[in-house]
Amino acid sequence: MKKSKWKSWIAAGVLLTSLTACSTSGSSSTDEGASDYPKKAITVVAPSGAGGGWDLTARALTKVLGETKLVDQTMTVENKPGGGGAVYLAEFATQHKKDDYKLYVNSPPILINNLKKEGNSPYGYQDTTPLAQLTKDFGAIVVKADSKYNNLKDLMDAVKKDPKSVTAAGGSAPGSMDHLVAVLPAFKSDIDPKTVKYVSYDGGGEAIAALLGGNADYIATDASAVGEYLKAGKVKVLGISSTERLKGDLADIPTFKEEGIDAEFTIWRGVFGPKEMSDSAKSYWDSTLKKLNESKEWQAELERNGWESEFKDGKEFETFLKDQEKQVEDLLKSLGMNK
């Protein structure tokens with residue numbers, strides 16, 4: 001009888017051990033399953049209409065990730081225009097904050113919209129997970145080819161002497177990116193940025209048309225947008241907000257610092273995930289976007305679009321965003337346009 005009981009206890013122990021092992025195994029496979037990301041199609045949202053910088057960046061990103069097989073799942077681009085990116089960011093930050101399958105492309109407006117007073121967005125980059133900076137561009141101060149201004153100092157001296165006599169223009173609203181680039185040299189030249197006469201147009205193309213039509217004395221725009229006008233002899237570029245001289249068509253253009261103005265401003269484009277993105281998805285994109293940046297296909301895509309490469313991983317990107325946020329806040333304060 002005792003022998004029979006011992007056999008029963010041994011059998012029960014074996015069964016219990018087996019069940020425990022199965023349970024542990026099941027838990028492990030669940031953990032592994034969580035890292036099987038991505039399991040379905042991924043949407044990259046460009047918070048603008050087709051053809052703009054955000055849209056082109058999103059389409060280049062999805063195209064190369066697919067062509068290189070770095071991402072096996074289908075990737076699509078969705079255009080969600082409105083409020084300079086602020087409309088969709090509100091949706092992204094509230095309705096998709098845990099959706100690992102929604103990514104978002106943006107640039108400095110994600111900072112500006114959150115910090116400015118008029119048309120303020122309650123959401124900023126802190127309501128996302130910064131994944132990577134992909135490209136960089138810079139601001140350019142541009143005048144007509146026959147302008148009397150031949151350098152940035154001459155232009156700033158004229159603004160200081162009689163602000164109302166000099167009209168600046170840009171392709172974005174007051175308090176937006178072109179406006180900040182337009183007043184940055186003034187701000188660093190001890191000129192009250194509020195005195196700078198700024199006229200906004202609907203896009204960089206219209207701003208250049210206004211300049212060439214004699215409706216503005218200078219414009220602030222993306223450096224990458226002026227090469228063709230410079231080659232055609234239609235404009236002079238007085239300065240670029242880069243840390244060092246650029247290559248290509250703008251190789252002979254001085255930086256703001258070379259012109260005696262201690263300022264720089266990077267117009268970056270980057271990709272963001274939702275604020276509560278899973279660790280497995282973050283890890284996946286950290287690795288995948290680094291591989292993308294190292295691929296010859298991505299470098300060729302950058303060259304095709306005339307974009308400067310500047311890759312920062314998630315941690316580096318977030319640190320950079322904190323620094324640029326302070327710069328944007330200072331400029332908005334100087335304009336009396338901060339919230």
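# A tour of the predicted model

Start with P38, which sits in the loop between α1 (2-34) and β1 (42-46). The model is a predicted one. Select Y37 together with P38: the peptide bond that joins them is cis, with omega about -5°.

**Two residues with positive phi**

Move on to K69, in the loop between α2 (53-67) and β2 (75-79). K69 is not a glycine, but its phi is positive, near 60°. Is K69 buried or exposed? Its relative accessible area is 61%, and K69 is exposed, since the cut-off for that class is over 50%.

Next select D190, in the loop between α6 and β6. D190 is another non-glycine residue with a positive phi, about 60°. With a relative accessibility of 73%, D190 is classed as exposed.

**The β5-α6-β6 unit**

Stay in this region and colour strand β5 (residues 167-170) and strand β6 (residues 197-200). The two strands run parallel and are joined by four bridges. Between them the chain passes through helix α6 (residues 177-187), making a β-α-β crossover that is right-handed. To find one position in the pairing, select T167; opposite T167, in β6, stands K197.

Follow the chain past β6 to D202, in the loop between β6 and α7 (204-212). D202 has a relative accessible area of 67% and is exposed. Now add S172 to the selection. The C-alpha atoms of S172 and D202 are 6.3 Å apart, although 30 residues separate the two along the chain.

**Helix α5, one face at a time**

Go to helix α5 (residues 152-161) and turn it until you look down its axis. Which residues of α5 are buried? They are L152, L155, M156, A158 and V159. These buried residues fall within an arc of 155° seen down the axis of α5, so they line one face of the helix. An α-helix has 3.6 residues a turn, so residues three or four places apart point the same way. On the face of α5 turned away from the buried side, select K153 and K161, which are exposed.

**Helix α10, the same exercise**

Now take helix α10 (residues 296-305), where W298, E301 and L302 are buried. Around the axis they cover an arc of only 100°, and this places them on the same side of α10. Rotate to the face of α10 turned away from its buried side, and the exposed residues K296, E303 and R304 come into view.

**Strands β4 and β8**

Select strand β8 (residues 235-240). How many of the six residues of β8 are buried? Five are, so β8 is largely enclosed by the rest of the structure. Add β4 to the view: β4 and β8 pair in the antiparallel sense, over five bridges. One such bridge links A140 to I240 in β8.

**The cavity**

Keep β4 on screen and turn to the empty space inside the model. Rolling a probe the size of a water molecule over the atoms shows where empty space is left. There is one cavity of 30 Å³ or more in the structure. The largest cavity has a volume of about 40 Å³. To display its lining, select T135, K136, D137, S224, I267, R269, G306, W307 and E308. Elements giving two or more residues to this lining are β4 and β9 (266-274). The largest share, three residues, comes from β4. By class, the lining of the largest cavity has two nonpolar, three polar and four charged residues.

**The second largest pocket**

The last stop is the second largest pocket, which holds about 210 Å³ of space. Select its lining residues: T129, P130, L131, K282, W285, D286, K290, D313, G314, K315 and E318. Three elements can be coloured here, namely β4 (128-144), α9 (279-294) and α11 (314-335), which give two or more residues to the lining. Which element gives the largest share of the lining of the second largest pocket? Helix α9 does, with four residues. Colour the lining residues by class to see six charged, three nonpolar and two polar.

How values were computed
Residues numbered from 1 in each chain as written. Predicted model: local features only at pLDDT ≥ 70, side-chain atom pairs only at ≥ 80, totals over all residues. Heavy atoms only, no water. Pairing = 2+ DSSP bridges. Right-handed = clockwise from strand over helix to strand, strands pointing away. 1 Å grid on protein atoms, 1.4 Å probe; cavity = no way out; pocket = protein on both sides within 12 Å on 5 of 7 lines; lining within 4 Å. Points joined across faces, edges and corners; volume = space filled by probe spheres on them. Nonpolar A, V, L, I, M, F, W, Y, C, P; charged D, E, K, R; others polar. Buried < 20%, exposed > 50% of the residue type's maximum accessible area, 1.4 Å probe, protein only. Arc of directions from axis to C-beta.
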